[in-house]
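Subject: Structure handover and findings

Dear colleague,

I am passing the structure on to you with this message, and my notes on it come directly below. Please read them with the model open beside you.

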Amino acid sequence: MAEGDNRSTNLLAAETASLEEQLQGWGEVMLMTDKVLRWERAWFPPAIMGVVSLVFLIIYYLDPSVLSGVSCFVMFLCLADYLVPILAPRIFGSNKWTTEQQQRFHEICSNLVKTRRRAVGWWKRLFTLKEEKPKMYFMTMIISLAAVAWVGQQVHNLLLTYLIVTFLLLLPGLNQHGIISKYIGMGKREINKLLKQKEKKNE
């Protein structure tokens, strides 16, 4: 058991180190993005919503086709991948990195590796469910996809995408400030109250 834990820890460290090396040119941008997403300043949340709203208003105004939208998005990623490692050191000055910044960069890369592992783990569990319980897998997939299709039919695609993107960008800050855990706790307390009331009525 201990050997398995050590192997997993060593593998995580190796994957993290490899990712750090790949994203070294993006270090300054990632640290700045991390500060924004974690709401280190009070005006970051409205700034996030403002930028996202502006982008989606431009998309709504231009109304590009799917092919044009995907092409422009991939083109933007290619430009960013080429220009960011060149411009970031000149703008931020990578030689001014502190030990704290390096540690935070390491934590970000480690979290990204853990997130990727969780996604792969869920994907493997899905295929395990398909092999072990094909009927449950079939019913779960059909019901889930039907629900998603119904939501997509009721809500405009662009609005739905806007809401999803906004929520995902605000999620790190919501977690950081304990807002999600606060409301989950409130929900659990209300459910427990309802259950206790039902038990009293049954008695």
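What follows is a short account of the helices, the surface and the salt bridges.

Please keep in mind throughout that this is a predicted model, and that the values below are computed from it.

I begin with helix H2, which covers residues 27–37. Its buried residues are Gly27, Glu28, Met30, Leu31 and Asp34, and, seen down the helix axis, they fall within an arc of 165 degrees, so they line one face of H2. As general background, an α-helix has 3.6 residues a turn, so residues three or four places apart point the same way. The cover over the buried residues of H2 includes H4 and helix H5, the latter formed by residues 99–132. Met32, which also lies in H2, is partly exposed, with a relative accessible area of 37%. Just after this helix, Trp39 takes a positive phi of about 60 degrees.

Met32 leads on to the surface, because it is partly exposed and belongs to a nonpolar patch together with Met75, Leu79, Tyr82, Leu83, Ile86, Leu87, Ile91 and Phe92. The accessible area of these residues together is about 870 Å². Which helix gives the most to the nonpolar patch? That is helix H4, residues 66–92, with eight residues.

The annotation touches on this part of the chain as well. In an unreviewed entry, UniProt places the feature "transmembrane region" at residues 42–62, 68–88, 136–153 and 159–180. In the model, the span 68–88 is 100% helix and 0% strand, with its end C-alpha atoms 28 Å apart. For residues 159–180 the figures are 91% helix and 0% strand, and there the end C-alpha atoms lie 23 Å apart.

Turning to charged side chains, the structure holds seven salt bridges, and I describe some of them here. Glu15 and Arg116 meet through their side chains in a salt bridge, with an N to O distance of 3.8 Å; since Glu15 lies in helix H1 (residues 2–22) and Arg116 in helix H5, the pair ties together parts that are 101 residues apart in sequence. Glu15 also forms a salt bridge with Arg117, where the closest N and O atoms are 3.4 Å apart; Arg117 lies in H5 and Glu15 in H1, so this pair ties together parts that are 102 residues apart in sequence. As for accessibility, Glu15 is partly exposed at a relative accessible area of 23%, Arg116 is partly exposed at 45%, and Arg117 is partly exposed at 29%.

A further salt bridge joins Glu40 and Arg38, with the closest N and O atoms 2.8 Å apart. Is Arg38 buried or exposed? At 17% relative accessibility Arg38 counts as buried, because the cut-off for buried is under 20%, whereas its partner Glu40 is partly exposed, with a relative accessible area of 47%. Through salt bridges that share partners, Arg38 and Glu40 are joined with Asp34, Arg104 and Glu107 into one network. Asp34 is also one of the buried residues of H2, which brings these notes back to the helix with which they began.

With kind regards

Definitions and conventions
Residues are numbered from 1 along each chain as its sequence is written. This is a predicted model: local features need pLDDT of at least 70, side-chain atom pairs count only at pLDDT 80 or more; totals for chains, interfaces and linings use all residues. Side-chain values use heavy atoms; hydrogens and water are left out. Patches are made of residues with over 30% relative accessible area and no salt bridge: like charges are joined within 9 Å, nonpolar side chains (Val, Leu, Ile, Met, Phe, Trp, Tyr) within 5 Å. Accessible areas come from the Shrake-Rupley method with a 1.4 Å probe; for residues, only the protein chains shown count as cover. A salt bridge is a side-chain nitrogen of Lys or Arg within 4 Å of a carboxyl oxygen of Asp or Glu. Helices (H or I, at least four residues) and strands (E, at least two) are DSSP runs, numbered from the N terminus. Buried means under 20% relative accessible area, exposed over 50%, partly exposed in between (1.4 Å probe, protein chains only). The arc is that of the directions from the helix axis to the C-beta atoms. Contact means heavy atoms within 4.5 Å. UniProt positions are given in the numbering used here, feature names are shortened, and annotations may be inferred rather than shown by experiment.
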